[in-house]
Amino acid sequence: MKIVHREYPLLAMCGLSCGLCTMHLGGYCPGCGGGDGNQSCAIARCGQSHGVEFCCLCQEYPCIKYDSIDTYDSFISTRNMRANLERVQTHGPETCNAEMHEKMELLAGLLAHYNAGRQKSLFAAAVNLLPLEDLRTIREQLAAGAAELPLKERAQAAAALLRGAADARGIDLKPRKKPK
């Protein structure tokens, strides 16, 4: 397979937030165009063949590959893929890349200071799905009120704030699984 190097590999061609994925965080996936010889999915191969950095920059977008693409989650939430691509179209890839880096820093902080061993998936989903303004507020609240607590209590406080913000926006942080 031809390795394609992308300028913005932390946001997949399809809009998936690779930089916030537990597979990426664990070093198991570099994302499409990550350069490590990973097997690209059909959408990445299509985007590569059309010579686009993001599917939304293709003349055929949205194509049939996007029918029901965000119905079920896999290892990362797919719910904001289309919204991510809309942001690429309206704000440009540089802005989206900067936002992804900020979200990655927020997630790294949560994992480093508030993970008692069972919060990785919850934190990744919340950072992926919640807007940056909510995440910044939660970071400030945690720094002001939970920084000195024991780890287990810090983890509970972080989880409660993230769930509360998600509930306030009508966002379900649990993965949507395909029925068997």
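These exercises, with worked solutions, concern the predicted model shown above.

**Exercise 1. Cysteines**

Task: Find how many disulfides the structure holds, then check Cys56 and Cys58.

Solution:
- Start with the whole structure. The search finds 0 disulfides.
- Take Cys56. The nearest cysteine sulfur belongs to Cys55 and is 7.6 Å away, so Cys56 falls outside the 2.5 Å cut-off for a disulfide.
- Now Cys58. Its closest cysteine sulfur is in Cys46, at 6.2 Å, which is too far for a bond.
- Add accessibility. Cys56 has 7% relative accessibility and counts as buried. Cys58, with a relative accessible area of 16%, is buried too.
- Recall the chemistry. A disulfide covalently links the sulfur atoms of two cysteines.

**Exercise 2. Backbone geometry**

Task: Which peptide bond partner of Pro62 is joined to it in cis, and what phi does Gly92 take?

Solution:
- Look at the bond first. Tyr61 and Pro62 are joined by a cis peptide bond, with omega about -10°.
- Place it. Pro62 sits in the loop between α2 (42-50) and α3 (81-91).
- Move to the end of α3. Gly92 comes just after this helix and has a positive phi of about 90°.
- Set this against the general pattern. Most peptide bonds are trans, and most residues other than glycine have a negative phi.

**Exercise 3. The buried face of α3**

Task: Where on α3 do its buried residues lie?

Solution:
- List them. Met81, Asn84, Leu85 and Val88 are buried.
- View down the axis of α3. The buried residues fall within an arc of 95°, so they line one face of the helix.
- Use helix geometry. With 3.6 residues a turn, residues three or four places apart in an α-helix point the same way.
- Ask what lies over them. The cover of the buried residues of α3 includes α4.

**Exercise 4. Helix α5 and its surroundings**

Task: How many residues of α5 are buried, and what covers them?

Solution:
- Count first. Of the 10 residues of α5, 8 are buried, so the helix is largely enclosed by the rest of the structure.
- Name some. Among the buried residues are Leu122, Phe123, Val127 and Leu129.
- Find the cover. It includes α1 (22-25), α4, α6 (132-145) and α7.
- Step back to Gln119, in the loop between α4 (93-114) and α5 (120-129). Gln119 counts as buried at 13% relative accessibility. Setting aside residues up to four places away in sequence, Gln119 touches Tyr114 and Ala155.

**Exercise 5. The largest pocket**

Task: Describe the size and lining of the largest pocket.

Solution:
- Begin with volume. The largest pocket holds about 460 Å³ of space.
- Go to the lining. It has 26 residues; Ser121, Ala125, Leu173, Lys174 and Pro175 are the closest to the centre.
- Assign elements. α5 and α7 (151-168) are the elements that give two or more residues to this lining. α5 gives the most, with 5 residues.
- Sort by type. The lining divides into 11 nonpolar, 6 polar and 9 charged residues.

**Exercise 6. Leu132**

Task: Is Leu132 buried or exposed, and which residues does it touch?

Solution:
- Locate it. Leu132 is in helix α6.
- Check accessibility. Its relative accessible area is 10%; under the 20% cut-off, Leu132 is buried.
- List contacts. Leaving out residues up to four places away in sequence, Leu132 touches Glu99, Glu102, Lys103 and Leu106.
- Compare sequence and space. Leu132 and Gly27 are 105 residues apart in sequence, and their C-alpha atoms are 24 Å apart.

Technical notes:
Residues are numbered from 1 along each chain as its sequence is written. This is a predicted model: local features need pLDDT of at least 70, side-chain atom pairs count only at pLDDT 80 or more; totals for chains, interfaces and linings use all residues. Side-chain values use heavy atoms; hydrogens and water are left out. Buried means under 20% relative accessible area, exposed over 50%, partly exposed in between (1.4 Å probe, protein chains only). Helices (H or I, at least four residues) and strands (E, at least two) are DSSP runs, numbered from the N terminus. Contact means heavy atoms within 4.5 Å. On a 1 Å grid over the protein atoms alone, a cavity is a set of points where a 1.4 Å probe fits but cannot get out, and a pocket is an open set with protein on both sides within 12 Å along at least five of seven lines; lining residues have an atom within 4 Å of a point. Grid points are joined across faces, edges and corners, and a volume is the space filled by probe spheres set on the points. Ala, Val, Leu, Ile, Met, Phe, Trp, Tyr, Cys and Pro count as nonpolar, Asp, Glu, Lys and Arg as charged, and the others, Gly among them, as polar. The arc is that of the directions from the helix axis to the C-beta atoms.
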